[in-house]
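Reader: I have a structure to go through before I set anything up. Can you walk me through it?
Author: Yes, go ahead and put it up.

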Amino acid sequence: MSNYPEELKYSKEHEWVRINGKEVTIGITDYAAEQLGDVVFVEIPKVGTEYKQDAAFGVVESVKSVSDIYVPVAGKVIEVNQNLIDQPALINEDPYQKGWIARFEIQDPSQLNHLLSAKQYDQFLSEEA
Amino acid sequence: MTQEQLKKTPLFSEHQKLHAKMVGFGGWHMPIQYVGIIEEHHHVRNQVGIFDVSHMGEFFVSGPDALGFLNGMTTNDLNKLQDGQCQYNILCQENGGVVDDIIVCRLAPDNFLVVVNAGNIQKDFSWLMQHKPDTVDLIDASDDWAMLALQGPQSDALMQAFFNEDFSAVPYFGIIRHSFKNAPLFISRTGYTGERGFEIFVPSEYARDFWNKIFEVGSIFNLQPIGLGARDTLRLEACYSLYGHELLPTISPLEADLSWVVKLQKNTPFVGKDFLLEQKRQGVPRQLIAFEMMEAGIARQDCRVFASNVDVGYVTSGTYSPTLQKSIGLALIDAETLRQNKELFVEVRQQMKQIKKVAKPFYKRPT
């Protein structure tokens, strides 16, 4: 049922990361969206804000619960998905494309080495369950 | 409580077949959602849905002194109740705190069905047992009965199709006896959603048959199963109290805005009456208000409320209203602060967000 695109990397906190040189795009996985249920509010960061590795940079809130979103690598926000303000459900409908949350410029790509591949993430989930 | 200790309703396997997301609630494995809270919520507002509420408790109270006993234990006036009528009611402690909110149904002059909250079954039963005279019979029949809530504008049409009978003669808060196969049923025109609807008490061993049959008949009405998640958003839009949130032993029914259920002038003295009389005379120290958030985010239960940087109360329930598409909630606030009409702020995740007091309820069904 769940889907984890091969070209993305994954964190154990259920973020996905699309890596494009020193630019990374971050969102939450299909699994995370499914666990949260209907997303009704998304708090997105301001462009220009700098975050340390593993810092909380946003919040995703559903009818039933609320959850921080973490950036798995230190970086500066260069673009945010403004559509999420009016259409938070994009996170449930299309978590990997229209539901992206923020794009960061990063300094040290080696910080991405600990991220999981799609296959490893899938395995991680089955171990958690 | 571990997963293994949670009780299962007779419909547990049906929920699994429907791939419901299950959670622990009041000691029970319950479906929180089947397809999604928002979709299920709209389905009840616009069409018809069915909830498994078999976790709720059913007591039968009977004997010549049953009416007098129950009237002495509750704040509403049961003398007003006729056969075939239900009444929303409160069990209070001597100190005015709420033991539970219940529905009392008069089946006969000396026979009552009392519907109690799942998490309070044992507590309510011992509370009533402690006070009951020997001339009253009290039976906890909770395990013998499943309970289904059929709610939504299409519920009358579906009931008519299912039983081949018109239910328009059953008034709001009326209850009748009926049957399904060889099983006796109770059917009341009650609910917890703010929509038209019925609650149906089915003997546990017939629950699965009934559930499957009503989906068969209900398919032309687009009947859908609805989880506890939507039950919460629906009841909150209608401003119905939920035990554990708006009602607790630390909250009086007068504070909880249930003075319409507290009949201080009734003939029978009742547990909590002296306290409630005095509280009414002095004025309630706190008041339950309905609010909307002025900013994004949901203020959930126990979030503190501030006015002029002073802590003046807390949120009892908060959610996203699918009907209004706004963040809404109920909060118990210092009465003096409300009289002064001060600006109110709620602390959500270390941030102060402004809220606005609004009229209750958030949603009233079109008549």
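Reader: Before any counting, what counts as a salt bridge here?
Author: A salt bridge is a side-chain nitrogen of Lys or Arg within 4 Å of a carboxyl oxygen of Asp or Glu. Keep in mind that this is a predicted model.

Reader: Fine. How many salt bridges does the structure hold over all chains?
Author: Over all chains there are 24 salt bridges.

Reader: And how many between chain B and chain A?
Author: The count between these two chains is 4.

Reader: Give me one. What does A:Glu61 meet in a salt bridge?
Author: The side chain of A:Glu61 meets that of B:Arg300, at 2.9 Å from N to O. This pair crosses between chains: A:Glu61 is in strand E6 (residues 55-62) of chain A, and B:Arg300 is in the loop between strand E15 (286-293) and strand E16 (304-307) of chain B.

Reader: Another one? What about B:Arg349?
Author: B:Arg349 forms a salt bridge with A:Asp68, with 2.5 Å from N to O.

Reader: Now the interface as a whole. How many residues are in contact?
Author: On the chain B side 20 residues are in contact with 15 residues of chain A.

Reader: Which residues of chain B lose the most area to chain A?
Author: B:Lys21, B:Arg300 and B:Arg349 do, and together they make up 38% of what that side buries. Two of those names have come up already: B:Arg300 as the partner of A:Glu61, and B:Arg349 as the partner of A:Asp68.

Reader: What is the total area buried between the chains?
Author: About 1,300 Å², with carbon and sulfur atoms giving 53% of that.

Reader: How many residue pairs are in polar contact across it?
Author: There are 11 such pairs between chain B and chain A, counting pairs with both residues at pLDDT 80 or more.

Reader: Which elements of chain B supply at least two residues to that side?
Author: Strand E3 (28-33), helix H2 (37-46), helix H7 (228-237), strand E17 (310-321) and strand E20 (351-358) each do. By class, the side of chain B that touches chain A has 6 nonpolar, 8 polar and 6 charged residues.

Reader: Switching to sheets. In what order do the 3 strands of the open sheet in chain A come?
Author: The order is E4-E6-E7, with antiparallel pairing. Strand E4 (39-43) and strand E7 (66-71) are the edge strands, each pairing on one side only. On average, neighbouring strands of this sheet are turned by 25° against each other, direction ignored.

Reader: How many bridges hold E4(A) and E6(A)?
Author: E4(A) and E6(A) pair over 4 bridges in the antiparallel sense, and A:Val42 stands opposite A:Val60 in E6(A).

Reader: And what joins E6(A) to E7(A)?
Author: These antiparallel strands are joined by 6 bridges. A hairpin through 3 residues connects E6(A) to E7(A). A:Val59 has A:Asp68 in E7(A) as its bridge partner, and A:Asp68 is also the residue whose side chain meets B:Arg349 in a salt bridge.

Reader: Now chain B. In what order do the 5 strands of the open sheet run?
Author: They go E6-E7-E8-E5-E9, again with antiparallel pairing. The edge strands are strand E6 (85-92) and strand E9 (137-140). Twist from one strand to the next averages 25°.

Reader: How many bridges between E5 and E9(B)?
Author: Strand E5 (residues 57-62) of chain B pairs with E9(B) over 4 bridges. B:Ser62 stands opposite B:Asp137 there.

Reader: How many residues lie between E2(B) and E3(B) in their hairpin?
Author: There are 2, and B:Gly26 in the turn has a positive phi of about 60°. Strand E2 (residues 21-25) pairs antiparallel with E3(B) over 5 bridges, and B:Gly24 has B:His29 as its bridge partner.

Reader: Last topic: backbone oddities. What is phi of A:His14?
Author: Phi of A:His14 is near 75°, a positive value in a residue other than glycine. A:His14 is in the loop between strand E1 (9-10) and strand E2 (15-20) of chain A.

Reader: And is the peptide bond from B:Lys360 to B:Pro361 cis or trans?
Author: That bond is cis, with omega near -10°. B:Pro361 is in the segment after E20 of chain B. Most residues other than glycine have a negative phi, and most peptide bonds are trans.

Note on methods
Residues numbered from 1 in each chain as written. Chains lettered and ligands numbered in written order. Predicted model: local features only at pLDDT ≥ 70, side-chain atom pairs only at ≥ 80, totals over all residues. Heavy atoms only, no water. Contact = heavy atoms within 4.5 Å. Buried area = accessible area lost by both parts, 1.4 Å probe. Polar contact = N/O pair within 3.5 Å; in protein donor to acceptor, adjacent residues only side chain to side chain. Nonpolar A, V, L, I, M, F, W, Y, C, P; charged D, E, K, R; others polar. Pairing = 2+ DSSP bridges. Axes fitted to C-alpha atoms, helices over the stretch in contact; angles between N-to-C directions.
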